[in-house]
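This briefing concerns a predicted model. It addresses strand pairing first and internal cavities second.

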Amino acid sequence: MISDLNSICSVNSRRMKRSAIRECLKLTQRPDIISFAGGLPAPATFPYEDLAEIACEVIRTDGPAALQYSTTEGDTGLREELIKRYKSQNIDVSMDNIIITTASQQSLDLLGRIFIDPGDKVICGLPSYLGGIAAFKTYGAELVGIKFDDKGMRSDILEKTLEEMKEKGEKPKFIYIIPDFQNPAGVTMPEERRKEIVTIAQKYDVLIVEDSPYRELRFEGKTPKTIFEIDGTGQVIMLGTFSKIFVPGFRVGWIVAHPDIIDKFVVAKQSSDLCTSSFVQKITALYMKKGLFEKNLTKIADLYKRKKDVMMDAFEKYMPEGVTWTNPEGGLFLFLYLPEHMDSEKLFMKAVENKVAFVVGTVFHCDGSGKNTMRLNFSYVSEEELIEGVKRLSNVIRAEM
């Protein structure tokens with residue numbers, strides 16, 4: 001083995017950090033631990049039988065193409081199905097606006113590859129998705145966090161921040177937003193706030209990246225327009241994925257953007273993985289074409305609503321006074337707020353000792369704040385485990401108080 005491996009590693013590789021969530025999951029694999037830590041869909045939502053039949057059909061009817069390389073832009077049939085779905089939602093896109101990616105994590109990595117040079121500013125929420133934070137930091141981004149309220153990223157602080165940056169001769173590469181059932185907080189940005197942010201971004205000539213992995217998993221309330229639709233000028237890049245709304249194992253996502261921007265992604269993806277799996281793209285396309293996707297999506301939303309409601313009821317019953325939480329209208333996550341003086345990092349190992357796990361909130365805050373917060377997932381464990389897990393977590397919090 002070489003004497004000093006680190007000495008020949010790139011600057012980018014030295015910026016890479018292990019995923020706090022992936023590392024956390026290693027500690028929580030014991031069957032006796034109830035884990036709220038992962039972002040795992042419920043296996044009961046996976047359409048095993050349908051996919052077995054469709055996979056065979058794809059091989060029988062389109063085997064040579066399914067087992068061959070695909071174009072970098074993605075399978076035509078899958079992109080056509082996505083265009084149909086968007087048009088049914090009054091979002092006008094064409095083949096030139098879409099590229100298929102290897103899930104949305106590749107989309108985030110390609111964003112960094114295309115737009116970020118070391119020292120560039122990127123604006124994100126406080127809190128924001130850990131995978132996005134990690135991808136941008138790998139390319140040397142300096143993240144500027146914008147505080148949240150119950151409507152998501154605060155537009156007043158965003159405008160003040162952009163004005164201050166302008167006065168210094170600085171300009172961020174983009175504003176990163178997860179507007180629907182935000183990971184980790186579970187907050188949905190109302191349409192009025194989205195309009196405010198679009199107006200601000202246009203005023204300061206800054207791209208918006210709208211990360212939308214959970215939008216389809218709404219089980220309460222009214223669906224706001226996408227930021228992409230509100231903008232209508234090509235200043236928004238919208239990311240989607242099938243990981244939470246279909247099956248994560250396929251690793252299929254997509255990007256919707258202005259054709260000039262899509263062209264940049266095509267070139268970047270060609271040097272990354274050439275193309276996303278032809279086979280899984282064709283299976284996904286046929287699954288959608290047969291109308292099975294919409295049917296299963298309803299099943300997923302119904303199941304997650306029940307689970308979320310169970311967790312809400314358990315919080316009301318068992319959580320000590322002084323603890324609060326968000327109540328998401330969809331998605332898979334919520335945020336728990338401890339009293340200001342408490343630190344969820346100090347609670348984590350005590351929680352694991354008491355056979356329950358969560359993700360500490362600081363990893364979602366680019367400035368290291370959020371010490372009194374934690375992210376909980378309600379989609380994966382059973383309803384019985386949700387209740388028991390909340391009991392265990394409440395006991396740990398109460399003891400620390």
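Strand E11 (residues 333-337) and strand E14 (residues 373-377) pair in the antiparallel sense, with five bridges between them. E11 is also joined to strand E10 (residues 324-325), again antiparallel, by two bridges. Within this predicted model, the points below set out the pairing partners of E11 and then the two cavities.

**Strand E11 and its partners**
- Leu334 has Leu376 of E14 as its bridge partner.
- Tyr337 in E11 stands opposite Thr324.
- E11 is mostly covered, since four of its five residues are buried.

**Largest cavity**
- Two cavities of 30 Å³ or more are counted, and the largest holds about 100 Å³ of space.
- Its lining comprises 14 residues, and those closest to the centre are Tyr86, Ser212, Arg215, Glu216 and Trp254.
- Strand E8 (residues 236-241) supplies four residues, the largest share of the lining of this cavity.
- The lining of the largest cavity divides into seven nonpolar, five polar and two charged residues.

**Second largest cavity**
- The second largest cavity has a volume of about 80 Å³.
- Fourteen residues line the second largest cavity, with Phe148, Met153, Ile177, Ile178 and Gln182 nearest its centre.
- Strand E5 (152-153) and strand E6 (174-177) are the elements that each give two or more residues to this lining.
- Nine nonpolar and five polar residues make up the lining of the second largest cavity, which has no charged residues.

Methods: Residues are numbered from 1 along each chain as its sequence is written. This is a predicted model: local features need pLDDT of at least 70, side-chain atom pairs count only at pLDDT 80 or more; totals for chains, interfaces and linings use all residues. Side-chain values use heavy atoms; hydrogens and water are left out. Buried means under 20% relative accessible area, exposed over 50%, partly exposed in between (1.4 Å probe, protein chains only). Two strands pair if DSSP finds at least two bridges between them. On a 1 Å grid over the protein atoms alone, a cavity is a set of points where a 1.4 Å probe fits but cannot get out, and a pocket is an open set with protein on both sides within 12 Å along at least five of seven lines; lining residues have an atom within 4 Å of a point. Grid points are joined across faces, edges and corners, and a volume is the space filled by probe spheres set on the points. Ala, Val, Leu, Ile, Met, Phe, Trp, Tyr, Cys and Pro count as nonpolar, Asp, Glu, Lys and Arg as charged, and the others, Gly among them, as polar.
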